[in-house]
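Biologist: I should like to learn how the features of a model are read from its atoms. May we proceed one feature at a time?

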Amino acid sequence: MLVEMHKNYSYKLYVTDRTRHLDDMIEIARQIWNHFLALQKRYYRIYGKYISANRMKTHLTKLKRLSRYQNWNQLGSQAAQDVVERLDRSYQAFFDWCKNRSGPKKSPPKFRKRLKYRSFTLKQAGWTIQDNVITIARKYRFKFWKHRDFKGEIKTITIKRLPSGDYYIFLSVIEQVFVPDAHAGNAVGIDFGLKTFLTLSDGTEVTSPEWLKNSLSDIRKASWNLSRKELGSNNRKRARLQYEKIHENVANRRRDWFYKLARDLTIKYSVICIEDLNLDGMKRIWGRKVSDLAYSEFVKILEYEALINGCEIIKVDRWYPSSKTCSSCGFLNDDISLKIRDWVCPSCGIQHRRDFNASVNILNQGLLTRYGTSIA
């Protein structure tokens, strides 16, 4: 079945002397962000009201006619308006959270320093792409590594400067994608863990390579080297870029492993049941360990691979006591703590491995919720 799908393609730009123009455009976008954020704060302090996105765009057009803000015209009009839309979306997300108090906490937008604002977005005008060359504002040409072709209609192009100093273009494309029907295969429950990354209900265990942990010595060395450099010096700039490149390499290796693992799982199984975990709460308790395992990123990749491989993802409520429930008789044992990895059911006497028992319960609960039946 063919469906329209939003897909993103990323390409790395060649870093040349011309990329300084991208720095200038990003800096203009940052100035617009900070200007309208200050305007919002001042207007709310005086009138107690919020300025709508349309009013901000109208005011932006007027400002660009003034000599003081003439340099803002170097950034395309749609790209400048997108900065205002970003600010509005950030405020609206904060207002929604204040109203509902549900989901992850949202903070109001903040002023951005020069190095903290890293991108701008082009929409339907102000750019052309021919082969591996993108032209911006009809005069700035940049080459990129076109390692794969993209299909479909380009909706937006985002130019982003990574903390490591590399530049990427991200193409948001509407593409006709063939989505296969659900394929034949077994259903499986998956329990996420700190010691074992994934424990499957068929007994399979997947251990995380823990890319961040294995790179800690290089990170500490780069951090120590950075701390020794004089503030504002070129040596410090080079040391900072080297430090950021290590983190970027860790993230890239982790993401590559996630895609390969998710593809294998979605091809092998037709239904995958997982927990809807409170990852922010886990991160506050276990810190770097949870960040290194990156469950949230893996779940997003798993859902994407499931869509294109004909696999169904079922999420079980986070409050379901999967680890404390006996998968054989259903007895709820509230006396076991997180430190207990093996326990015996007081009701039926069966011995359980905590993570495997949880994965079986997740499978049963997921199938029961979705189809009204379980395998038990």
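Biologist: In which helix is H59 found?

Modeller: The model before us is predicted. H59 is found in helix 2. Its contacts outside the immediate sequence neighbourhood, that is, beyond four places away, are with H35, F36 and L39.

Biologist: How far apart are H59 and F36 in sequence and in space?

Modeller: The two residues are separated by 23 residues in sequence, and their C-alpha atoms are 9.5 Å apart.

Biologist: Is H59 buried, partly exposed or exposed?

Modeller: H59 has a relative accessible area of 29% and is partly exposed. The cut-off for burial is under 20%.

Biologist: Which residues of helix 2 are buried, and why do they lie on the same side?

Modeller: The general idea comes from the helical repeat. With 3.6 residues a turn, an α-helix points residues three or four places apart the same way. In this structure, helix 2 spans residues 53-63, and A53, M56, K57, L60 and L63 are buried there. They cover an arc of only 120° around the axis, and therefore sit on the same side of helix 2. The elements that cover these buried residues include helix 1 (20-47) and helix 3 (77-100).

Biologist: Let us turn to sheets. What is the order of the strands in the open sheet of five?

Modeller: As a general matter, the strands of a sheet pair through backbone hydrogen bonds, in either the parallel or the antiparallel sense. Here the order is 10-9-8-11-12, and the pairing is mixed. Strand 10 (205-206) and strand 12 (312-316) are the edges: each has a single partner strand, so one side of each has no neighbour in the sheet.

Biologist: How many bridges join strand 8 to strand 9, and in which sense do these strands run?

Modeller: Strand 8 (residues 186-192) and strand 9 (residues 198-200) run antiparallel and are joined by three bridges. Within strand 9, T199 is the residue opposite D191. The two strands form a hairpin, with five residues between them.

Biologist: In which sense does strand 8 pair with strand 11?

Modeller: That pairing is parallel, over four bridges, with strand 11 covering residues 269-275. A187 has V271 of strand 11 as its bridge partner.

Biologist: Why is strand 8 described as largely enclosed?

Modeller: Five of the seven residues of strand 8 are buried, and therefore the rest of the structure largely encloses this strand.

Biologist: Where is S172, and is it buried or exposed?

Modeller: S172 belongs to strand 7 (residues 167-178). Its relative accessible area is 16%, and S172 is therefore buried. Leaving aside residues up to four places away in sequence, S172 touches H6, K7, N8, E153, I154, K155 and T156.

Biologist: Which residue takes a positive phi in the hairpin of strand 3 and strand 4?

Modeller: The general expectation is that most residues other than glycine have a negative phi. In this hairpin, which has two residues between its strands, D131 takes a positive phi near 55°. Strand 3 (residues 127-130) and strand 4 (residues 133-136) run antiparallel, joined by four bridges. T128 of this pair stands opposite T135 in strand 4.

Biologist: Where does R138 lie, and what is its phi?

Modeller: R138 lies in the loop between strand 4 and strand 5 (140-143). Its phi is positive, at about 65°, although R138 is not a glycine. Its relative accessibility is 84%, so R138 counts as exposed.

Biologist: What is the phi of E210, and is this residue buried or exposed?

Modeller: E210 is not a glycine, yet it has a positive phi of about 50°. Its place is in the loop between strand 10 and helix 4 (211-214). E210 is buried, as its relative accessible area is 14%.

Biologist: What do the totals say of the whole chain?

Modeller: The chain has 10 helices and 14 strands. Of its 376 residues, 42% count as buried. Its C-alpha atoms fill a box of roughly 80 × 55 × 50 Å along the principal axes. Among contacts in the chain with a separation of 6 or more, 69% come from residues 24 or more positions apart.

Biologist: How far apart are the mean positions of the positive and negative charges?

Modeller: The chain carries 68 positive and 38 negative charges, and their mean positions are 10 Å apart. The accessible surface is about 21,800 Å², with 49% of it belonging to carbon and sulfur atoms.

Definitions and conventions. Residues are numbered from 1 along each chain as its sequence is written. This is a predicted model: local features need pLDDT of at least 70, side-chain atom pairs count only at pLDDT 80 or more; totals for chains, interfaces and linings use all residues. Side-chain values use heavy atoms; hydrogens and water are left out. Buried means under 20% relative accessible area, exposed over 50%, partly exposed in between (1.4 Å probe, protein chains only). Contact means heavy atoms within 4.5 Å. Accessible areas come from the Shrake-Rupley method with a 1.4 Å probe; for residues, only the protein chains shown count as cover. Lys and Arg count as positive and Asp and Glu as negative; His and the chain ends are not counted. The place of a charge is taken as NZ of Lys, CZ of Arg, CG of Asp or CD of Glu. The arc is that of the directions from the helix axis to the C-beta atoms. Two strands pair if DSSP finds at least two bridges between them.
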